[in-house]
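Trainee: Could you take me through one part of this model up close? I'd like to look at a charged contact and then see what sits around it.

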Amino acid sequence: MRAPYGSGPLAPAVLAVRGAALLLALAALAHTLVHGLAEPGLALVFGLLVAAGELVRRGVAGEREPAPLAAAGALAYALLGDSAGRPTTHGALQVIAVVVAAQALAAVPRRACGRRTDADRAARRTLTVGFAAVCFQPLYASGQAERWFGDGPYFPLFPLTVLALTALCDAALAALLARSAARAEGPGALPPYGPLLVDEVRALAGIGTAIGATGVVTALGVAVAGPWAPAVLCGPLLLTQVSARRYTAVRTTCGQTMASLARATEIAGYTPPGHARRVAALATAVGRELGLTGPRLTVLEHAALMHDIGQLSLLDPVAGGATARLPAAEQRRIALLGGAVVRRTGAGPAVAAVVEQQADPYREQLLAARIVRTVNAYDDLCGESVGGPLRALEQLRLGTGHDHQPQVVEALGRVLARGGLTPAGAG
């Protein structure tokens, strides 16, 4: 689980994002206070839409965008050119000011009810909407967009182009904040930025597409029908939000089930206390080091949690939970039983396959299975007091010819070096 940003010193990237958003918000609010609101009716409609979207959001673990209605409303206002056939004059700074004010307004009742406000998500939305507004509003107001795309059926290409660039900007910010969140887990968990960015871009095909499409369609709808269009056009997004939230809730429940099952081996005395949690955390860090992201990283984490579940079939626990001392046939039986248990949890065949391969030669294993095998061996060696983490890592390197993939061992070494070589059971 990612530690919250507020649990320790803020990373420079988080400070930079928050600082940039704060400066942009102050400039937009000051400009709006000095010059007044243009089209106050439209500003009120979109401000209420953003505020309502923030109020109804309920952050679920693993949910990429807990307030899609607010995000779509903010984008629609940034991409708004006409209202009922008449040109608007609100400009980019007013868009930012209205969105910031709406987010602040929605934060008051949330805080009064004891619900947490996400400062980093608010800063990210401010910068993203600001980017869209700065790209769209000046070109629209100057008539340059009309000269490029015309005022006919090709004009929607302009807001769609701005939307695509805005999505890339948002993905870049999301990856930056995700990297900082991983830093909060410990120095050893710091992932490369590139794979995180690729993961965020791929995720745009999900709820991001629905948000973007709703924003553009709402802006075009207001251009034709006036301020009443958002009330009709945002309905499909609400249905999408409900479906996405149910799917996320199912995934969260599945993860909690696996975490509980993983503790069963510890409670029954088959594995040392905290073993599954340590292996999962370290395996996830190694996976990030090797470029795994998104669903592949989730499969790795779940498999690492469940890799020892098959030991519950043993009559007597193995000392220290280290099944490597058992005959190959017994190791294989335990791995297959573990995979069978995983399949019944609803975790999916990919997680079960990783658990089932724990007794196979590493050259026949999937990458996730190789990572779990190596990290599990490292934790076992540290628990056996073989001479400390350095000695445990040295023994893994000696086994790269037949037991462990060299690239995985070296990735583990890099992760441990960044976080300090910590014995098993620490923390």
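Mentor: Start with D120 and R18: their side chains meet in a salt bridge, 2.9 Å from N to O. Keep in mind that this is a predicted model. D120 belongs to helix α5 (residues 119-141) and R18 to helix α1 (residues 12-35), so the pair ties together parts that are 102 residues apart in sequence. As for the background, side chains of opposite charge can pair when their charged atoms come close. The two partners are covered to unlike degrees: D120 is buried, at 3% relative accessible area, while R18 comes out as partly exposed at 28%, because buried means under 20%.

Now stay on α5 and go to R125. The side chain of R125 meets that of E54 in another salt bridge, at 2.2 Å from N to O. This one also links distant parts of the chain, with E54 in helix α2 (residues 40-55) and R125 in helix α5, 71 residues apart. Here both ends are tucked away: E54 counts as buried at 9% relative accessibility, and R125 is buried at 7%.

What does the record say about this stretch? The unreviewed UniProt entry annotates residues 91-110, 122-141 and 153-178 as "transmembrane region". Over residues 122-141 the model is 100% helix and 0% strand, with the end C-alpha atoms 27 Å apart. Residues 91-110 are likewise 100% helix and 0% strand, and there the end C-alpha atoms lie 29 Å apart.

There's a nonpolar side to the story too. F131 joins L165, L168 and V201 in a nonpolar surface patch of about 320 Å². L165 sits in helix α7 (residues 157-184), and its relative accessible area of 43% makes it partly exposed.

For a comparison further along the chain, try R332 and D360. They form a salt bridge as well, with the closest N and O atoms 2.9 Å apart. R332 lies in helix α13 (residues 328-345), while D360 is in the loop between α14 (349-356) and α15 (367-383), so this pair ties together parts that are 28 residues apart in sequence. R332 is partly exposed at 33% relative accessibility, whereas D360 is buried at 15%. The pairs described here are among the ten salt bridges that a search of the whole structure finds.

Note on methods:
Residues numbered from 1 in each chain as written. Predicted model: local features only at pLDDT ≥ 70, side-chain atom pairs only at ≥ 80, totals over all residues. Heavy atoms only, no water. UniProt positions renumbered as here; feature names shortened; annotations may be inferred. Helix = DSSP H or I, 4+ residues; strand = E, 2+ residues; numbered from the N terminus. Patch = residues over 30% accessible without salt bridge, like charges linked within 9 Å, V, L, I, M, F, W, Y side chains within 5 Å. Areas by Shrake-Rupley, 256 points an atom, 1.4 Å probe, with all protein chains shown as cover. Salt bridge = Lys/Arg side-chain N within 4 Å of Asp/Glu carboxyl O. Buried < 20%, exposed > 50% of the residue type's maximum accessible area, 1.4 Å probe, protein only.
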